[in-house]
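Work through the exercises below with the model open beside you. Try each task before reading its solution.

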Amino acid sequence: MFKDDGSSSVTSSPLQAFSTMSLSPGFGSPYPWLKELKSEERGLYLIHLLLSCANHVATGSLENANNTLDQITQLACAEGDTMQRIAAYFTEALAERILKSWPGIYKALHSTRITFVSEEILVRKLFFELFPFLKVAFVITNQAIIEAMEGEKMVHVIDLNASEPAQWRALLQDLSARPEGPPHLRITGVHQRKEVLEQMALILTEEAEKLDIPFQFNQIVSKLEHLEIEKLRVKTGEALAISAVLQLHTLLASDDELLRKKLPLTQKNATSVNFQKALQMNQGTLGEFLEKDLANGYSYDSGSSSPLTLNASAKMDNFLNALWGLSPKVMVVTEQDSNHNGSTLMERLLESLYFYAALFDCLESTLPRTSLERLKVEKMLFGEEIKNIVSCEGFERKKRHEKLEKWIQRFDLAGFGSVRLSYYGMLQARRLLQSYGCDGYRIKEEKGCVVVCWQDRALFSVSAWRCRR
């Protein structure tokens, strides 16, 4: 299907037999012909190489994995097109997974690594500014809170990821315009960085004083997994709202080896089955996938993880039960809408490849390839998430994103009932996307919840819940 100066088909290109090529150095290291591939051919071949490498890693064939990584590095580039950039970060993630086979080497290479809090805060701020996803989530969350708190005089909002004051500044402004006057507002912010909470407290206190709203900000320095519910100090007579933005999935971290032993044989064999399915896809299918800007509308049958099959998590169950016990009038949850919690490496790699390709494509459509802000978000945020999904296992693997269907199941089992998001909240979200100046973003309603998409690819979901008595 790829035509090159009048040639009739892909058979004239080096991709002619890429699905059956040997990936060993014996066929021409350092692979000079790779440089001759055109953009779409290169994208196809990178997908093939990444799948092959992941399969070698999953089966312990580290020499073959090393040879495949050598080829990928000839094509991948952190400053190239979408597929080259994403391949660079998946290559790094696969290499890190291999290194973990030698704990001594891995620890030595990471022993002097320093994480700067200021850079971590900066990159999350860039994500907020460069993408509309959090802005849409905040608009919908605030509208759900305002509607649930109509007529209430004492309002308590618990923010389980208190990192962005813009959301609550907007809520303060909305509450100040209530016909019956603003309530007494108390916000409890949970975050692992004290300096983040202190900055938020300063900004919101100044805004509340300016609007003449009685206000209190409580700080809880803690990771979500270590949060003691008693510290939230919900008082009698308060109307409670809870906001959880991109946090709940971290509670799904568990002992994967223990769970794997309980898996039926059909699921244990899923890695090789998925690999064969992926390699058997014809070139036309993958080509069409790339022609649609890589991630718009492509899907696959994972074979090992039904969207309706929940991975057991005592920590998640206990946490949701504890929140239910607080009797919130509304709880609004924002999560990545993708299945990155599969039991096999291949399943997670495939799902995360399409998810992050869509995010990289968003940036490709809005920022130049040399943009420093773009490079920082891709490397310091997306690259680190990809690494966690691909190279980590057990409790270390925190980025366990799941689809909306699974969250609906989890909340239902925990005793929560769905709150249909209002027409006005949807209208505000659509207006925000329209003002963003990029045609690729979409918003749709799904089972009373909101899903924000890039083209047709669902990326983030927003859902609202109340206690079901």
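The exercises that follow concern a predicted model.

**Exercise 1. Take stock of the chain.**
Find how many helices and strands there are in the chain, and what percentage of its residues count as buried.

Solution.
- Step 1: Count the elements. The chain has 17 helices and nine strands.
- Step 2: Turn to burial. The chain has 469 residues, and 53% of them count as buried.
- Step 3: Look at the surface. The accessible surface is about 20,600 Å², and carbon and sulfur atoms hold 51% of that.
- Step 4: Check the contacts. Take those with a separation of 6 or more: residues 24 or more positions apart account for 80% of them.

**Exercise 2. Locate the largest nonpolar core.**
Which residues touch the most other members of this core, and which helix gives the most to it?

Solution.
- Step 1: Start from the general idea. In soluble globular proteins, nonpolar side chains tend to be buried together.
- Step 2: Find the members with the most partners. The largest nonpolar core has 98 residues, and Phe131, Phe133 and Phe382 touch the most other members.
- Step 3: Find the main contributor. Helix 14, residues 345-366, gives the most, with 14 residues.
- Step 4: Zoom in on Phe133. Beyond its neighbours within four places in sequence, Phe133 contacts Phe127, Leu359, Cys362, Tyr441, Val452, Leu459 and Phe460.
- Step 5: Look elsewhere. Another core of 27 residues lies apart from the largest one, and its members include Ile229, Leu252, Leu320 and Ala414.

**Exercise 3. Test helix 6.**
Work out what length helix 6 should span. Then decide why helix 6 can be called largely enclosed.

Solution.
- Step 1: Get the expected span. Helix 6 covers residues 133-148, and at 1.5 Å a residue its 16 residues should span 22 Å.
- Step 2: Compare with the model. The end C-alpha atoms are 23 Å apart, which agrees.
- Step 3: Apply the burial cut-off, under 20% relative accessible area. Twelve of the 16 residues of helix 6 are buried, so the rest of the structure largely encloses this helix.
- Step 4: Name some of them. Among the buried residues are Phe133, Leu134, Val136, Phe138 and Ile140. Polar ones are listed too, including Thr141, Asn142 and Gln143.

**Exercise 4. Trace the salt bridges.**
How many salt bridges does the structure hold? Which parts of the chain does the pair Arg85 and Glu378 tie together?

Solution.
- Step 1: Recall the principle. Side chains of opposite charge can pair when their charged atoms come close.
- Step 2: Take the total. The structure holds 26 salt bridges.
- Step 3: Pick one pair. Arg85 and Glu378 meet through their side chains at 2.8 Å, N to O. Arg85 sits in helix 3 (residues 82-99) and Glu378 in helix 15 (residues 372-391), so the pair ties together parts 293 residues apart in sequence.
- Step 4: Ask about cover. Arg85 is buried, at 0% relative accessible area. Glu378 is buried, with 0% relative accessibility.
- Step 5: Widen the view. A network of salt bridges links Arg85, Glu364, Arg369, Arg374 and Glu378. Within it, Glu364 and Arg369 pair with their closest N and O atoms 2.8 Å apart. Glu364 is partly exposed at 24%, and Arg369 is partly exposed at 38%.
- Step 6: Try another pair. Glu164 and Lys125 form a salt bridge at 3.4 Å, N to O. Glu164 lies in the loop between strand 1 and helix 7, and Lys125 in helix 5, so this pair ties together parts 39 residues apart in sequence. Glu164 is buried at 8%, whereas Lys125 is partly exposed at 35%.

**Exercise 5. Inspect two loop residues.**
Where is Asp212 found, and is Asp212 buried or exposed? Do the task again for Lys447.

Solution.
- Step 1: Place Asp212. This residue is in the loop between helix 8 (194-211) and strand 3.
- Step 2: Read its backbone angle and cover. Phi of Asp212 is positive, near 60°, and the residue is not glycine. Asp212 is exposed, with a relative accessible area of 66%.
- Step 3: Place Lys447. The loop between strand 7 (441-446) and strand 8 (449-454) holds Lys447.
- Step 4: Repeat the readings. Phi of Lys447 is positive, near 55°. Lys447 is exposed, at 58% relative accessible area.

Definitions and conventions: Residues are numbered from 1 along each chain as its sequence is written. This is a predicted model: local features need pLDDT of at least 70, side-chain atom pairs count only at pLDDT 80 or more; totals for chains, interfaces and linings use all residues. Side-chain values use heavy atoms; hydrogens and water are left out. A nonpolar core is a set of buried Ala, Val, Leu, Ile, Met, Phe, Trp, Tyr and Cys residues joined through side-chain atoms within 4.5 Å. Buried means under 20% relative accessible area, exposed over 50%, partly exposed in between (1.4 Å probe, protein chains only). Helices (H or I, at least four residues) and strands (E, at least two) are DSSP runs, numbered from the N terminus. Contact means heavy atoms within 4.5 Å. The expected span of a helix is 1.5 Å times one less than its number of residues. Accessible areas come from the Shrake-Rupley method with a 1.4 Å probe; for residues, only the protein chains shown count as cover. A salt bridge is a side-chain nitrogen of Lys or Arg within 4 Å of a carboxyl oxygen of Asp or Glu.
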